[in-house]
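Me: I should like to work through this structure by question and answer. Please give the reasoning behind each reply.
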Amino acid sequence: MKAETAEKKAARLVREQKQRGRLLREANRKPWKSYLLYLVYLIVVLTVIYIVDEIASAMNGTMQPLMIFDFFKVPGNNTDTAEYRNGATLMMALTMSMLLFMFLTPFYKALADRFGRKIFLVINTTTMGLGLFICFIAPHWAVYVLGILIVQFVQTNDVQVIYIMETAPEKHRALLCNLTKAVALISVALIGVLRNAFYDPAVPSSWHMVFLIPAIVGITVGLLCIFLIHETPVFVKNRLEYLEMSDQERAARAAKEKQKDSNAQGGVGAALRYIMSSKQLRRLCLAGFVFMIATGITSQYSTILERGEDLGTLTENSVDKVLIIYPFVWGVITFVCGYLSDLLGRKKSSILFNIAAVVSVMVFGLGVNLGWPVWVIACGYGLYLGTLWSVSDTLCLVMPAESSPTAMRASVMGTTSLLIGIGMALSQGIYMAAINIFQGSSFAWFSMGISALFLIASTFLLLRTSETKDANLYTVGDE
């Protein structure tokens, strides 16, 4: 325990007593007659939150070309012009600078180990809606960037994933995570629907309207969650155990856990030490870092599609169809990946998904450049995203969570995501140069090649990790 004055200790005890009372009320509340019924209800609520999360996450990648056309006055809405390249380069540079703010993510996420999962689920969902609303009203690209920055900061926390993992039966954790996400991913098709309904190329500023409905839904759902959900039982149990200890017991526990570079109530420093001391987590971080370099194409896929329109291999109507079709494939593949993750294990399934991602990204790139049928291009990209982000979730969320103790799980997940996210920042730097070097169809060829190369590299690194499928979340890290 850190040394503290009498006044600070008194204030801390008051805060802890209030939290203890709240958690006791949570632990003693009248249970549902059927646990299964409550679980179904909770999954429905978390699925709605996941829908907001996924739409918010995909909005910038889909809408950024239209925003660049508008704010940077691109002649003829052509992606192969100096105006578009300058705008896209600026957006990617700002995206890289945004990633600097991601260093705050593990510190923010670690608060969920102290104050609970529910409050941050509410804050994150409401804030995502607010960020989308800022994009809706944005009169300048700088304001748009502010909105996207807000969205990106909170959407990386994935508190809904922790909720599912700390509530669902062990053998179905990955399946339920992927089931809820699959439904949410299908909803991403609404972006294409809204784009088709509101965007008029003759009125460049009409893209703003696409943000309005998702913004309203995010803010509303976030506020309603105050009344709709309860704290996770795993957090309630572990936090109460800590609060009911005396200062001497906490000091003894902290001293014991310090020997294995742990910390009873999480924190970024302790999480980093724990990661560095764990061979499993170190290997996961390295594999994840290399893997993330392969994901850069996901922020430029709409540019690739628009460039296909410029080259005549696609039409405006076919681009809209791709945007509507691929989320359905994405959602179905994500669900299948969740089932296979439970059946085959995290490690084997991730290797399989990486191989599928290599094949599908090649189908997408070839399809755009060679003018293949719309459904082939959409299925290729949907399959790519489904397998790609299933591996991402496994490397950034599921396997780190199943390799770390409850009291610092959120801290480890946040810190792991930060370390792995450095690979994404590097990817953005690569694409900043690429969009100015590779013109015409060569940009799609480059994007396809760089993604396949790093996916293959991360696959070899995955071979060195250990399986976590049957981890007990109550006892992991205590052995």
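Me: What percentage of the residues in the chain is buried?
Reply: The model is a predicted one. A residue counts as buried when its relative accessible area is under 20%. For the chain of 479 residues, the buried share comes to 57%.

Me: How many helices and how many strands does the secondary structure of the chain contain?
Reply: The assignment rests on DSSP runs, with at least four residues for a helix and at least two for a strand. On that basis the chain has 21 helices and zero strands.

Me: Among contacts between residues at least 6 apart in sequence, what percentage joins residues at least 24 apart?
Reply: Contact here means heavy atoms within 4.5 Å. With pairs at least 6 apart in sequence taken as the reference set, the share joining residues at least 24 apart is 81%.

Me: Which helix gives the most residues to the largest nonpolar core?
Reply: The largest nonpolar core has 122 residues. Those with the most contacts inside this core are Tyr144, Trp207, Phe211, Leu305, Tyr326, Phe364 and Tyr384. With 18 residues, the helix that gives the most to this core is H2.

Me: How many residues are in the second, separate core?
Reply: This core is separate from the largest one and includes Leu23, Phe235, Leu240 and Leu243. The number of residues in the second core is six.

Me: Is Val52 buried or exposed, and which residues does Val52 touch beyond four places in sequence?
Reply: Val52 lies in helix H2. Its relative accessibility is 3%, so Val52 counts as buried. The C-alpha atoms of Val52 and Val188 are separated by 9.2 Å, although their positions lie 136 residues apart along the chain in the sense of sequence separation. Not counting residues up to four places away, Val52 touches Thr125, Met128, Val217 and Gly218.

Me: What distance separates the C-alpha atoms of Leu418 and Phe289?
Reply: Leu418 is found in helix H20, which covers residues 409–437. Leu418 has a relative accessible area of 15% and is therefore buried. Leu418 and Phe289 are 129 residues apart along the chain, and their C-alpha atoms are separated by 9.7 Å.

Me: How many aromatic pairs does the count come to?
Reply: Rings of Phe, Tyr and Trp pair if their centres lie within 6.5 Å. By this rule the count is 16 aromatic pairs.

Me: What is the geometry of the aromatic pair formed by Phe69 and Tyr84?
Reply: Phe69 lies in helix H2 (residues 35–71) and Tyr84 in helix H3 (residues 82–101), so the pair ties together parts that are 15 residues apart in sequence. Phe69 is buried, with a relative accessible area of 4%, and Tyr84 is buried at 1%. The centres are 5.6 Å apart and the planes are at 50°, and the pair is tilted.

Me: What is the geometry of the aromatic pair formed by Tyr301 and Tyr326?
Reply: Tyr301 lies in helix H16 and Tyr326 in helix H17, so the pair ties together parts that are 25 residues apart in sequence. Tyr301 counts as buried at 3% relative accessibility, and Tyr326 is buried at 2%. With 5.8 Å centre to centre and 75° between the planes, the pair is edge-to-face.

Me: Which residues form one aromatic cluster with Tyr301 and Tyr326?
Reply: Tyr384 is a member of this cluster. Leaving aside neighbours within four places in sequence, Tyr384 is in contact with residues including Ala294, Ile297, Val361 and Leu455. The cluster joins Tyr301 and Tyr326 with Trp330, Phe364, Tyr381 and Tyr384.

Me: How many of the eleven residues of helix H16 are buried?
Reply: Helix H16 spans residues 301–311 and is mostly covered. Its buried residues are Tyr301, Ser302, Thr303, Ile304, Leu305, Glu306, Arg307 and Gly308. H16 is followed by Gly312, whose phi is positive, near 90°. Of the eleven residues of H16, the number buried is eight.

Me: Which helix gives the most to the nonpolar surface patch?
Reply: The patch, of about 370 Å², is made by Leu179, Val183, Val332, Phe335 and Val336. Helix H9 (173–186) and helix H17 (316–344) each supply at least two of its residues. Phe335 has 36% relative accessibility and therefore counts as partly exposed. With three residues, the helix that gives the most is H17.

How values were computed
Residues numbered from 1 in each chain as written. Predicted model: local features only at pLDDT ≥ 70, side-chain atom pairs only at ≥ 80, totals over all residues. Heavy atoms only, no water. Patch = residues over 30% accessible without salt bridge, like charges linked within 9 Å, V, L, I, M, F, W, Y side chains within 5 Å. Areas by Shrake-Rupley, 256 points an atom, 1.4 Å probe, with all protein chains shown as cover. Salt bridge = Lys/Arg side-chain N within 4 Å of Asp/Glu carboxyl O. Buried < 20%, exposed > 50% of the residue type's maximum accessible area, 1.4 Å probe, protein only. Phe/Tyr/Trp six-rings, centres within 6.5 Å; stacked < 30°, edge-to-face > 60°. Core = buried A, V, L, I, M, F, W, Y, C linked by side-chain atoms within 4.5 Å.
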